Amino acid sequence: MSRTWIGVFWISFAVGCGSVAARDDAGAPADAAMVTVPVDAEPDAPPLGNDPGVWPNQMSAAISDPWIAAHHDEIREMHPRVLALNFVNGRTNAEMTALLAQIFAGLQEGSRYHGYRDAAAPPFLFYELARSVDLTDRPVPPGWALRNSTRYPRKPAGTADYWHLHYGALFTQQFADYYHFADPANPARNLTLCELLRRGVVHEVWIYGDADTPGDVNAAEVLELKQRYDDQDRPVPGSFDPCAGNGCFDASDIPACGVSVRIPWVNHSRGPGCLLHSLGHGFESMTGGAARSPAAIPYLGKNFPHFANFDLRERQIGTSFQSWYDACDGNCASFTGPNSFTWHDSRGMTGEVAAYDQGCGSVHFPPNARAHYDDQNPFGVRSTCEHYGLHDGPGGSDLTEIYTNARSRLYDRLAPDCGGGWQVYWRQSFPGYHNPAKDAAGAPMKNWWVYPFY
């Protein structure tokens, strides 16, 4: 399966066979039992409340719980809990959690619907740390040249996908003993990751690793196995999309937990904007992505494409491509006015568009982007980012306003790398809690931020 790999964005790394320690059948080092975890375990979570507007609660604690869809419109806050795994030799859990706190802050700010206009807009997402687990080598074994520890889950030597991170190992009893969440019914046994997810003890697993040492195993920016739903937001029994992140789980690694599973990968040497970028790709994929594949969440599949400019051919504006992801290989657009541009695609075709009438944009492409990652263009173009679904323009269209990089730079202080300012502004433009927008069917627009936890 293909993935977009951690690094700058698309850099992949291989494992040098000469530097790999002996491993057991799970692909973990044979000496893994010597680890002592957790080093910096957080205290147990406070008791769940009975307010149905705050999730998790006494009625619902687990990701993919049908209760979430049934109470979608009532939920005003979500507090997903993260299990964070530190594999970077030389980095402490305190350093890891400091970076995670910055990422959590960016996600929280991004969940404030139209926060750039409304200073009183409440956040919707409040990420919390369930536990930080130190899986570094103490001490580093003699001759170990890789920055990721010997406990970093690598595929068994000699397999075709040996260079891939062994996601399946995270669900084994061996790793359950690293996480060290005791089974309340049998304190001598630790709960597995699937059990933690099904019980709502944790909702996501974040891997903190190194992508800068040549010869180590590569990993996806974010992978997700997503429960599929029908167009009435009802779960399709037993149907999961293994490609709802930025890439796909290897067939041998697909979790069998019965709930959605999301695993972002945090590069220890990058800042908070990079994971906001990665998680944005996961959101795109959940909606069907730029390729307009079948969406795990059909509601988003109907309402997200115009917002993200994933419907260019359907607009009949004269492009040969459906989205900028399809077209761009280097510089692909030159804006000739606030609503017009010339384009050329990766196949050598060119054209002009006199009336763009665009939505908001995507992870790689702000409204005025001329190429991938072009988030610092000062040229002003018309965009419906701040009016998406409001139908407050001429003839009932969404009003457009001039967008420049000055809009998103307001958030650079929160996430100064990887276009993080754009990632926060883009998120604030998503229809959020109590938004007044209308969806493609003319009904009140649902809060998009609940869907990642379906």
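Outside a window of four places in sequence, Leu-170 touches Leu-85, Pro-153, Phe-175, Tyr-179, Leu-193, Ile-207 and Ile-263, where contact means heavy atoms within 4.5 Å. Apart from Leu-170, the residues with the most contacts inside the largest nonpolar core include Tyr-167, Tyr-179, Trp-206 and Trp-448, and this core has 95 residues. Such a core is a set of buried Ala, Val, Leu, Ile, Met, Phe, Trp, Tyr and Cys residues joined through side-chain atoms within 4.5 Å; buried means under 20% relative accessible area, exposed over 50% and partly exposed in between, with a 1.4 Å probe and protein chains only. Helix α2 (residues 93-110) gives the most to this core, with six residues. Another core, of 16 residues, lies apart from it, with Leu-312, Cys-332, Val-353 and Ala-369 among its members.

A word on the model is in order. The structure is predicted, so to speak of local features requires pLDDT of at least 70, and side-chain atom pairs count only at pLDDT 80 or more, while totals for chains, interfaces and linings use all residues. Residues are numbered from 1 along each chain as its sequence is written, and side-chain values use heavy atoms, with hydrogens and water left out.

Turning to the whole protein, nine helices and 15 strands are present, taken as DSSP runs (H or I, at least four residues, for helices; E, at least two, for strands) numbered from the N terminus. The radius of gyration is 22 Å, which agrees with the value near 22 Å for a compact globule of 454 residues; it is taken over C-alpha atoms, and the globule rule is 2.2 Å times the number of residues to the power 0.38. The C-alpha atoms fill a box of roughly 65 × 50 × 40 Å along the principal axes. Of the 454 residues, 61% count as buried. Among contacts with a separation of 6 or more, 67% come from residues 24 or more positions apart.

Helix α6 (residues 298-308) is mostly covered, with nine of its 11 residues buried. Among these are Tyr-299, Leu-300, Phe-304 and Phe-307, and their cover includes β8 (222-229), α5 (272-286) and α9 (420-428). Just after the helix, Asn-309 takes a positive phi of about 60 degrees. Asn-309 is also one of the contacts of Ser-323, together with Ala-290, Phe-310 and Leu-312, leaving aside neighbours within four places in sequence. Ser-323 sits in the loop between α6 and α7 (324-327) and counts as buried because its relative accessibility is 0%. Its C-alpha atom is separated by 8.1 Å from that of Arg-313, 10 residues apart along the chain.
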